[in-house]
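User: Please take a close look at a single loop residue in this protein. I would like to know where it sits and what surrounds it, with some background on the whole chain.

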Amino acid sequence: MTNNAVFNNENNPLYMLINNPYSTSASIAPPETNASSNGRLFMVTTASAAIAGGSNQLVQITNPNLSGRSLYISRISGGTTSAATLILYSGGTVTGGTTPTPFNCQFGNATTSIATARTSSGTVGGTPTQFMSLPMATGMFNLDFTGGIIVPPNRSITLSLGPGAITAATNITWWEV
């Protein structure tokens, strides 16, 4: 009885049908994996917050003018205790609230984001351009964009969740190149 090799090679007929992932890896990972490995994946959260009736939970990420980088939106996620509408805007003005520091998703990495963030409750001001509107049921949501939304220098993305007397959390994740 022959003792066949455990690993496949190109001289064996089986090689044309499959490749052994141990010796010739064909692993595929999303770009976020590489961004995180390089300390360039960032996140901002509102945390869980109560929103008064008639108001919206707002999150805005701004890429400053002349930053030299673009922000690639990876994911928008969160949850709500009541039905609401999630609206995504290009631009707009968010006033008041807090200015959280974007969190580097590679724990312990000292690299900081070029983006500035603002979280608040209220309504979006200015002249934003709405580009997505999604009715949300009670519960969690997760929208994967995998870099499909790009925020160039001197632009911002604004998220609005509401309106209504809800408790909600909204998170936005992006990488910078």
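The residue to examine is Ser-55. Where is Ser-55 found, is Ser-55 buried or exposed, and which residues does Ser-55 touch?

Analyst: The model is predicted, and the background comes before the residue itself.

The protein has 177 residues. Its secondary structure consists of one helix and 11 strands. Along the sequence, the helix is followed by the strands, in the pattern α-β-β-β-β-β-β-β-β-β-β-β. Of the residues, 39% count as buried. Among contacts with a separation of 6 or more, 85% are between residues 24 or more positions apart.

Ser-55 is in the loop that runs from strand E2 (49-51) to strand E3 (56-63). Its relative accessibility is 18%. Buried means under 20% relative accessible area, so Ser-55 counts as buried. Leaving aside residues up to four places away in sequence, Ser-55 touches Gly-122, Gly-162, Pro-163 and Gly-164.

Another loop residue serves as a contrast. Phe-107 lies in the loop between strand E6 (103-104) and strand E7 (116-122). Phe-107 has a relative accessible area of 72% and is therefore exposed, whereas Ser-55 is buried. Together with Met-43 and Phe-103, Phe-107 makes a nonpolar surface patch of about 350 Å². The protein exposes about 9,900 Å² in total, and carbon and sulfur atoms supply 55% of that area.

Methods. Residues numbered from 1 in each chain as written. Predicted model: local features only at pLDDT ≥ 70, side-chain atom pairs only at ≥ 80, totals over all residues. Heavy atoms only, no water. Helix = DSSP H or I, 4+ residues; strand = E, 2+ residues; numbered from the N terminus. Buried < 20%, exposed > 50% of the residue type's maximum accessible area, 1.4 Å probe, protein only. Contact = heavy atoms within 4.5 Å. Areas by Shrake-Rupley, 256 points an atom, 1.4 Å probe, with all protein chains shown as cover. Patch = residues over 30% accessible without salt bridge, like charges linked within 9 Å, V, L, I, M, F, W, Y side chains within 5 Å. Salt bridge = Lys/Arg side-chain N within 4 Å of Asp/Glu carboxyl O.
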